[in-house]
Amino acid sequence: MPAACESVLEDIEDIVSAEDLKPHDRQFVRKNVFPKVRKRSSQKNVQTDDEPPSDSIIPGVQKIWIRTWGCSHNNSDGEYMAGQLAAYGYKITDNPAEADLWLLNSCTVKNPAEDHFRNSIKKAQEGKKKVVLAGCVPQAQPRQEYLKGLSIIGVQQIDRVVEVVEETIKGHSVRLLGQKKDNGKRLGGARLDLPKIRKNPLIEIISINTGCLNACTYCKTKHARGDLASYPIEELVDRAKQSFQEGVCEIWLTSEDTGAYGRDIGTDLPTLLWKLVEVIPEGAMLRLGMTNPPYILEHLEEMAKILNHPRVYAFLHIPVQSASDSVLMDMKREYCVADFKQVVDFLKEKVPGITIATDIICGFPGETDEDFVETMKLVELYRFPSLFINQFYPRPGTPAAKMPQVPAAVKKQRTKDLSQLFHSYNPYDHKVGERQRVLVTEESFDSNYYVAHNPFYEQVLVPKDPLLMGKMVEVNIYEAGKHFMKGQPVSDARVHTASIARPLAKGEVSGLTEEFRRAPQNGTKWKAQPSAEIPVKTRLSSWMALQLPWQQEGGGLKILSVSLALLAVLVMFYYRGMKTEP
């Protein structure tokens with residue numbers, strides 16, 4: 001790919017491939033065009049429109065494999081991209097070998113995640129697969145050497161994944177990295193009512209906002225997701241309603257910091273949550289995502305009331321990262337250990353049995369042995385049932401990467417010591433013999449059990465009875481492990497069917513509105529010819545015509561203006577070539 005094709009515009013990077021004819025040469029080609037006579041074939045070999053040739057590059061007929069790394073927010077983005085592609089006609093496959101294109105949705109939190117991403121790109125290229133990149137890695141650093149010449153879909157541009165895939169299949173490099181804005185104000189991202197394929201048809205992941213208000217010195221995600229931008233409450237409530245109408249029985253609220261929700265649009269998290277619980281049907285549950293201590297402190301009273309609601313899990317993920325105030329200051333976490341303890345102590349008092357999950361980074365630059373001892377004491381004090389232990393990895397471009405580093409051996413030992421402490425206690429032993437209400441939503445990793453969660457979002461394994469899936473049942477706890485309990489359904493207990501509709505089948509596209517179903521009849525879905533056989537201006541016109549129903553609110557104007565400008569340049573070179581020719 002020529003270097004000129006890699007210059008990133010605000011919107012479209014490249015829609016002309018290296019194989020395309022130059023305007024100067026096009027007049028000579030016209031003299032050598034001959035009609036192509038199609039030979040009649042026997043009925044046995046006739047190929048219908050539904051079965052294009054195996055080497056076809058007609059958009060909308062290829063198989064696509066999607067791989068997502070990282071957080072719930074990223075997983076939700078991956079589900080939306082899969083839904084749009086499937087709704088447009090592409091086949092989403094679980095088999096990477098049979099796929100024509102790999103859509104790789106990356107995570108930039110840790111070095112290992114980016115290493116997996118980079119290795120997958122290399123493997124795709126070795127297998128002669130088309131590649132589209134998504135997620136936080138290319139959004140944060142699109143000019144990295146190993147990303148050159150590859151198509152990228154930005155984290156706020158996932159509603160245009162069909163365009164990027166179509167152009168990539170035709171051999172073009174397309175990069176959409178812009179921000180969603182309304183009258184200059186940054187929006188939360190793509191629309192929430194896009195078609196979607198849920199990984200689990202019973203669970204809906206809703207991103208309530210993107211970005212955050214912090215500037216943590218170790219965080220690379222901020223470079224990709226940016227500052228806080230929240231979705232309006234009414235859009236989030238509508239999305240929840242739609243999910244329940246499609247058979248969902250559990251909703252996860254996610255973002256980079258749910259506690260900061262609404263600060264940019266004049267509202268707050270408790271206001272949103274009270275509106276959401278109004279539309280949750282009996283037998284369905286809501287799970288809150290991660291919140292940083294500073295933004296939950298001012299809402300403690302209201303949050304305690306919400307977490308006591310029978311249709312909200314008494315669960316909260318509050319990352320502490322370190323129990324040393326000096327380390328927290330170097331991290332720019334904007335709270336002290338006392339703030340974290342205040343939040344945890346208050347919620348434990350007001351919400352009996354609440355599950356508090358937290359994160360800890362071992363070996364942050366400048367962390368002393370004394371600092372680490374304080375962190376160990378904090379874990380010993382609270383005995384968190386869910387603890388995410390992370391060895392520090394310096395991420396390129398972050399302030400923490402430039403700080404004096406803790407030796408690798410020390411980081412490794414501290415991570416080991418903290419892990420040993422975490423595994424030294426069993427948080428569920430005292431619950432054996434209890435009778436609990438649980439919601440069954442998925443299958444265990446080993447396929448031997450169904451996975452359910454009790455009101456505190458603690459994992460309970462139950463027998464694989466298909467009648468239990470998607471239901472809320474009562475069980476007797478008869479065994480406990482480090483990360484789970486096992487329960488036997490009570491025979492005389494009432495079973496709640498949470499959903500108000502039949503759940504979608506696995507792989508079925510959600511959110512297919514009548515607006516989209518009419519689109520093919522209205523000419524939205526177009527058939528293209530192989531790109532090498534079409535003049536550039538014809539393909540530009542086709543590309544401009546590709547306006548999917550969920551993109552028609554303003555996005556088409558940007559495509560139209562950019563495409564017309566490029567068309568004008570091509571026409572100018574065409575006539576200049578004619579004038580200079582002897």
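Q: Which residues in H10 are met by Leu269, Pro270, Leu273 and Trp274 in H8?
A: In this predicted model, the contact between the two helices draws Leu269, Pro270, Leu273 and Trp274 from H8. Sorted by class, the residues in this contact comprise six nonpolar, no polar and two charged ones. The partners that H10 supplies are Glu302, Met303, Lys305 and Ile306.

Q: Are H8 and H10 roughly parallel or roughly antiparallel to each other?
A: The axes of helix H8 (residues 269-277) and helix H10 (residues 300-307) come within 10 Å and cross at roughly 20°, and the crossing is left-handed. Angles under 35 degrees count as roughly parallel. H8 and H10 are therefore, relative to each other, roughly parallel.

Q: Which strands are the edge strands of the open sheet of six strands?
A: The open sheet has parallel pairing and follows the order S2-S1-S3-S4-S5-S6. An edge strand here pairs on one side only, and the two that do so are strand S2 (91-93) and strand S6 (175-176).

Q: What angle does the direction of helix H3 make with that of S3?
A: Strand S3 (residues 101-106) runs parallel to strand S1 (residues 63-68), to which five bridges join it, and Leu101 in S3 stands opposite Ile64. Helix H3 (residues 111-126) packs on the sheet, where it touches both S3 and strand S4 (130-135). Between the direction of H3 and that of S3, the angle is about 170°.

Technical notes
Residues numbered from 1 in each chain as written. Predicted model: local features only at pLDDT ≥ 70, side-chain atom pairs only at ≥ 80, totals over all residues. Heavy atoms only, no water. Pairing = 2+ DSSP bridges. Helix = DSSP H or I, 4+ residues; strand = E, 2+ residues; numbered from the N terminus. Contact = heavy atoms within 4.5 Å. Axes fitted to C-alpha atoms, helices over the stretch in contact; angles between N-to-C directions. Parallel < 35°, antiparallel > 145°, perpendicular 65-115°, else oblique. Left-handed = near helix turned anticlockwise from the far one by under 90°. Nonpolar A, V, L, I, M, F, W, Y, C, P; charged D, E, K, R; others polar.
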